[in-house]
Amino acid sequence: MRKKLLEYKNVAGQFHTIEGKTNTLNDIDLTIYEGMSLGIVGESGCGKSVTARLPIRLLPEPMFTVTKGDVIYHRNDTPFHVLKTKQNGKEINKIRGKEISMIFQKPMSSLSPIHTVGSQMSELIRQHTSMTKKEAKEHAISMLERARVPRAREVYDDYTFQLSGGMRQRVMIAMGVRLLFADEPTTALDVTIQAQILGLIKDIQREENMALVLITHDLAVVANMVDEIAVFYLGYIVEQGTTDQVLKDPKHPYTKALIDSIPTLHTNEPLKPIKGSIPDPYSKITGCPFWMRCDKATAKCRKEVPPFVTHENDHKVRCFEA
Ligand SMILES: Nc1ncnc2c1ncn2[C@@H]1O[C@H](COP(=O)(O)OP(=O)(O)O)[C@@H](O)[C@H]1O
Ligand SMILES: [Mg+2]
């Protein structure tokens, strides 16, 4: 039996801005289990980052409000209702960056620039163990070595601004957490570093049984990295299953279109961009979020939001025509 780590239960959320309201998350139903690796894929603006930031309350509140549903983090087998606590209260601070962490395109934001790498790591270690300062230092250095940081002992005394982007990613990964959200972690890095970082994330995820949520707009990036994939479109999960189910037997027209638009999976065929564009986030859409771009759309699709239906072997699809 897989153990639940984090659950999103039918979560809906909106941004309220001077331009109006956006239905940014719609009925997000997702469970992350201990040690699993999940890819969240979808075009820009479909709610991937908002989904990742919600459980550690990194969204601007009250501009962003959850209108429905619940997010539950299973901590020491006790369910912790993340949305029912204060945004910067004690409880969430025990989890944020310590048990659930994020690495971003610009990893600087999650490490303090005014403290050394070592002091940040040691503090974290000492909060969670009874180690002495000296023991915590040695432990931190071994964590850096494990994350393949060269000259780990020297890096321990460096300030984070002295490190390159790739090196900062490594430090974040070395901090070791139960659940890591990697939000487009390699988009800003060059291709060689990109491959190294993805390899490192994968190794540590396996060795440490850390759960990983890898977020990307690029389906090709997740193909070799994760066990399961959730495809997002306009704040809805439109398809979810194992990596094989989603890539080899895609059922949602949007997933099919995404796959057709990857150059590397179809060598001889010309690239097919997805037709149409993502609607303006402030526009009010009725029915299936994808119907305007879908060749199979019927009158029903324009009126009703399809339910998220489980097909064989837990393969889930939100489409009337699938
Ligand atoms: N700071 C913000 N203010 C207003 N709207 C926002 C803000 N951040 C995100 N949104 C809205 O949420 C949607 C999803 O954003 P995001 O989760 O960042 O998308 P992505 O899938 O590219 O990570 C955007 O299309 C936008 O409408
Ligand atoms: Mg994003």
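What follows is a short exchange about a predicted model, its ligand site and its nonpolar cores.

Colleague: Which residues are closest to ligand 1, and how many surround it?

Modeller: The closest are Gly45, Gly47, Lys48, Ser49 and Val50. In total, 13 residues surround ligand 1.

Colleague: Why is the approach of Gly45 to ligand 1 called a polar contact?

Modeller: A backbone N or O atom of Gly45 lies 2.7 Å from an oxygen atom of ligand 1. The cut-off for a pair of N or O atoms is 3.5 Å, so the pair qualifies.

Colleague: What makes Cys46 and Gly47 qualify too?

Modeller: A polar backbone atom of Cys46 is 3.1 Å from an oxygen atom of ligand 1. For Gly47, a polar backbone atom also gives 3.1 Å to a ligand oxygen. Both values are within 3.5 Å, so both count. The protein buries 70% of the 560 Å² that ligand 1 exposes when taken alone.

Colleague: Which elements supply at least two residues each to the shell around ligand 1?

Modeller: Strand E1 (4-17), strand E2 (20-33) and helix H1 (48-53). H1 gives the most, with 3 residues. By type, the shell has 5 nonpolar, 7 polar and 1 charged.

Colleague: What does Leu219 touch, leaving aside its neighbours within four places in sequence?

Modeller: Leu219 is in contact with Val41, Ile229, Leu247, Leu258, Ile259 and Ile262. In the largest nonpolar core, of 58 residues, Leu219 is among those that touch the most other members. Met121 and Tyr254 are also in that group. A second, separate core of 37 residues includes Leu5, Tyr8, Ala52 and Leu179.

Colleague: How do you know that Ala52 is buried?

Modeller: Ala52 belongs to the second core. A nonpolar core is a set of buried residues, so Ala52 is under 20% relative accessible area.

Notes
Residues numbered from 1 in each chain as written. Chains lettered and ligands numbered in written order. Predicted model: local features only at pLDDT ≥ 70, side-chain atom pairs only at ≥ 80, totals over all residues. Heavy atoms only, no water. Near = heavy atom within 4 Å. Polar contact = N/O pair within 3.5 Å; in protein donor to acceptor, adjacent residues only side chain to side chain. Areas by Shrake-Rupley, 256 points an atom, 1.4 Å probe, with all protein chains shown as cover. Helix = DSSP H or I, 4+ residues; strand = E, 2+ residues; numbered from the N terminus. Nonpolar A, V, L, I, M, F, W, Y, C, P; charged D, E, K, R; others polar. Core = buried A, V, L, I, M, F, W, Y, C linked by side-chain atoms within 4.5 Å. Buried < 20%, exposed > 50% of the residue type's maximum accessible area, 1.4 Å probe, protein only. Contact = heavy atoms within 4.5 Å.
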